[in-house]
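Student: Could we go through this structure together, one question at a time?
Tutor: Gladly! Have a look at it first.

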Amino acid sequence: MTEINVKEAERAMELFRQAGALLKGHFLLTSGRHSDTYLEKSLVLQYPRFVDELSAMLAEKFAADKIEVVVGPAVGAIVLAHGVARVLGTRAIFTEREGGRCVLRRGFSLAPGERTLVVEDVVTTGGSVREVIDLVRATGADLVGVGCLLDRSGGRTDLGVRTAFLAQIEAPSWLPADCPLCAAGVPLTSRGSRHI
Ligand SMILES: [Zn+2]
C-alpha cells in the first residue's frame with residue numbers, strides 16, 4: 001500500500017535533478033547490467049535545504065500519527081531521519097550493520113509501545129528497510145509506517161505496513177548483450193557527466 005501525490009512527486013524529482021542525483025546516459029551498474037538511468041542518491045542529501053523540504057513532505061504524511069521516534073538505516077537515512085524528526089518534534093535514531101545484522105547501537109533504544117516511523121531514502125527491493133521493520137517490531141515498539149523518498153521497485157514493494165513514497169522512478173536495466181544503448185553504439189557514460 002503506497003500513497004503518491006503527483007505534485008510532490010514532481011517536486012521531489014526536481015530536487016534530485018537539481019542536485020545532480022538523477023543522471024541520464026548509458027551506465028554500467030555494479031550488478032554488471034547496463035541502464036539509461038543512474039541514481040546517486042546521496043547527492044540530494046548534501047544540501048540541507050533540500051533535506052528540509054523533502055523531510056517536510058514526508059513528515060506531513062505522518063503529522064497526525066503522534067510519532068514519538070523516527071528511525072532510519074545508516075548511512076543514507078541518518079540525515080533524513082533527523083530532518084523528519086525535526087519537523088515532527090521527535091527524536092531520531094539510526095540502525096547499523098553489525099556482523100551482517102541490523103542493530104541499534106550507541107545506546108539507542110525503542111520502548112515497548114513507542115510510536116515509531118521508519119524512514120529510508122530509496123527502496124529498490126525493500127530488503128534493508130524490511131530489516132529495520134523487523135528490528136522495530138522485535139523491540140515491541142509500535143511501528144506506525146514507513147516514509148521513503150523514492151520507490152524504484154516499479155511499485156512492486158509491499159512492506160506489509162503503511163508506506164508513503166514521495167515519488168516513483170523507473171530505471172530499466174539490461175544485460176550488456178540485450179542493451180539497446182550498446183546496440184545503438186552509444187558509448188558508456190562516465191558518471192556525473194550528464195544531467196537530465
Ligand atoms: Zn549498454
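**Helix 4 and its surroundings**

Student: How far apart are the end C-alpha atoms of helix 4?
Tutor: Helices (H or I, at least four residues) and strands (E, at least two) are DSSP runs, numbered from the N terminus. Helix 4 has 13 residues, 127-139, so at 1.5 Å a residue it should span 18 Å, the expected span being 1.5 Å times one less than the number of residues. The end C-alpha atoms agree with this, being apart by 19 Å.

Student: Where do its numbers come from, and is it a predicted model?
Tutor: Residues are numbered from 1 along each chain as its sequence is written. Local features need pLDDT of at least 70, side-chain atom pairs count only at pLDDT 80 or more, and totals for chains, interfaces and linings use all residues, since this is a predicted model.Student: Which residues of helix 4 are buried?
Tutor: A residue is buried if 20 or more other C-beta atoms lie within 10 Å of its own, exposed if 12 or fewer, and partly exposed in between, with C-beta atoms placed from the backbone. On helix 4, the buried ones are V129, V132, I133, L135 and V136. They cover an arc (of the directions from the helix axis to the C-beta atoms) of only 160 degrees, so they sit on the same side of helix 4. The exposed residues on the other side are G127, D134 and A138.

Student: Why does V123 count as buried?
Tutor: V123 belongs to strand 7. It counts as buried because its C-beta neighbours inside 10 Å number 23.
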